[in-house]
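Q: I've got a new model open and I'd like to learn how to read its sheet and its domains. Can you walk me through it?

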Amino acid sequence: MIGGKYIEKKIRAPKAGGPAIIPFITAGYPNTEDFKQTLHEIAKKADVIEIGVPFSDPMADGVTIQRSSHLAIENGVTLTWIFDQLREIKLDTPIVLMSYLNPLYVFGMKELVEASIASGVDGFIVPDLPIEESKELNEQLMDAGLALIQLVTPATPLDRIELIANQSTGFIYAVTVKGVTGGEDALSADVTDYLKQVQEISRIPVCAGFGIREKSDVEMIADYIDGVIVGSAIVETIEKGNSPTEFLDQLKN
Amino acid sequence: MKNKDQNLLRALLDGELPDESGRFGSFGGQYAPETLMPALKKLEKNIKIFLNDEVFQEEFINELNSWAGRPTALTYASQLSKRWGVEVFLKREDLTHTGAHKINNALGQAMLAKKLGVKRIVAETGAGQHGVASAAACARLGLPCTVYMGAIDIERQAPNVDRMKQLGTEVISVMSGDQTLRAAIDEAFRDWVSDPENTHYIIGSVVGPHPFPYLVREMQSIIGKEARQQMLDVGENLPDAVFACVGGGSNAIGLFHAFLGDKEVELFGIEAGGRSDDLGENAATLASGKPGILHGTYSMLLHDDNGLIQETHSVSAGLDYPGVGPEHAFLQSINRVKYTSARDDEALELLREVCEHEGILPAIESSHAFVEARKWARGNQGKRILIGLSGRGDKDMPTLSKLMNE
């Protein structure tokens, strides 16, 4: 099993009970040597792994992921390098790539599908590709069974959430805050109402991300979602040289 | 022009482009984070209303005339004409309030934002001209304003930073990315994403996701409308060729638009050729770029084989940008406008020539247009040309003083 269906299955049956945990790491950060080892480590705890393809202009990202992207680029990390690394390992955890559109566009849509299949990538999250522009990529990925995970935000009107939900595969990425990734502010109290609405509309799993940093955040929304995406907080953990698996453990226990 | 290209130009002139998806041919679109999509759609709807609303248009024109100093003069450059052997006319956007064409767009968008009921304005700036224009327009309209500016630009355009602060605007130094215009745009978008309902982003050029390239063009097209009429009134005829510098491309689009339907008028956009033709040494996007996606739009772009955006270089902060407005990419693709580039040293040489012989200090940005104009004149003696003098060079004095003392 690959792609959207595989992602859905893993989120519906999390390794350590609900909600599913989806850690995000920037590829090749802080260094390229440990990348595969880090993935092996994280895969023990993660239900899906999200890998960030570094981009020079990460418009939707906060300072942490800006920093990690910048250094990963300096480390020579490219989409091609990421595919090469992934081809060399075998994980029993689905992998999605989070990338801005331009690196994917330059790589080529057809080539992207082929490389994904060959290296075990199951889907994509593209933060600057709203449904208005995603038709071409979505069709290419869908033909191969790969997922295009779409985002909804607290600013998205209900009728638009429905449109997006109908086109998303794998899961729906419910952004919990207005703003960029890695926010320090606590989740707002009405976030649960919003997540409940997304959950009611969606036929596929709903996973929440942006600004989820600690156990209390997970507890607050656990009843309303199928999974949580943790990005900046885990990048900062790895940055400090601390164990990402321990960090993931304490999110739920 | 081929038939196919002529049909596309016709569609543009008939107002059919940008189309419903915000595209000029294949260029443009709306590659924005989901958080911004409702705000972009709302803006799209309101633009349709207000740009066609006579009351709003009258208010806008009144403000442009009584506060911003329009219409700007058309100057016959008698000394340059003698030196170059062509009749040279200058469209004097340097004479506007705050000193560059940027005020047309900043004022128009701030007035629109006020109608939309937003609480605050964000803007980015490269040379500082758009920042100053936004700061002034916001002060005039009573809107709080935050301007993002790259740390490198803050240093090379210091006078404008203090001007913005004097006008009550908060200036935030951008230390991320390339620390110039591109990083400032990234940061302005990040700010806008955090409160799209109550904030309006006054983007400074014909770039960004739809409807910005269209909106900014509409705000700037007054330049060409005035200039075309002035050429007929003062010069008694249309020019044979029109020259304008291109960074993002707002003054050029503004100047060109009224002339697009005049087949006999050649149009030239001049980008920053920087130090050399090598990648990273210039900002000549249309001359040496490839199609790609940056800042919400599909256009020509300076990027590498991995899709990473290239660092650029230009002596002029306002042209130091790796992308370009999608409408320019379109006009290039249908062969209606020819795009060339001018080197740093050429632009500085022409800046001095204009200073010494016409008593006008042009911005370094605008000086790029004069480079191509002088070259063209050599092979077209006796003809008449119009040059877009997009801004004044007072802001460039720190750079110029440094060069004078070297």
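Q: In what order do the 6 strands of the open sheet in chain B sit?

A: Keep in mind that this is a predicted model. To read a sheet, go across it from strand to strand instead of along the sequence. Here the order is β3-β4-β14-β9-β10-β13 in chain B, and the pairing is mixed. At the edges sit β3 (74-76) and β13 (337-343) of chain B, each of which pairs on one side only. From one strand to the next, the twist averages 25 degrees.

Q: How many bridges join β9 to β14 in chain B, and which way do these strands run?

A: For any pair, look at the bridges and the strand directions together. Strands β9 (241-245) and β14 (384-389) of chain B run parallel and are joined by 3 bridges. To find the spot, start at B:A241, whose bridge partner in β14(B) is B:I385.

Q: Which strands of chain B does helix α16 lie across?

A: With a packed helix, ask which strands lie under it and at what angle. Helix α16 (364-378) lies across β9, β10, β13 and β14 of chain B, at about 150 degrees to β9(B). Helix α11 (222-234) of chain B lies across β3, β4 and β14, at about 45 degrees to β3(B).

Q: Into which domains is chain B divided?

A: Domains can be built from separate segments. In chain B, domain 1 takes 25-64 + 102-217, and domain 2 takes 69-100 + 220-405. Their C-alpha centres are 22 Å apart. The contact draws 38 residues from domain 1 and 43 from domain 2 of chain B. On the domain 1 side, the residues split into 18 nonpolar, 14 polar and 6 charged.

Technical notes
Residues numbered from 1 in each chain as written. Chains lettered and ligands numbered in written order. Predicted model: local features only at pLDDT ≥ 70, side-chain atom pairs only at ≥ 80, totals over all residues. Pairing = 2+ DSSP bridges. Helix = DSSP H or I, 4+ residues; strand = E, 2+ residues; numbered from the N terminus. Axes fitted to C-alpha atoms, helices over the stretch in contact; angles between N-to-C directions. Contact = placed C-beta atoms within 7 Å. Domains from an automatic or database assignment. Nonpolar A, V, L, I, M, F, W, Y, C, P; charged D, E, K, R; others polar.
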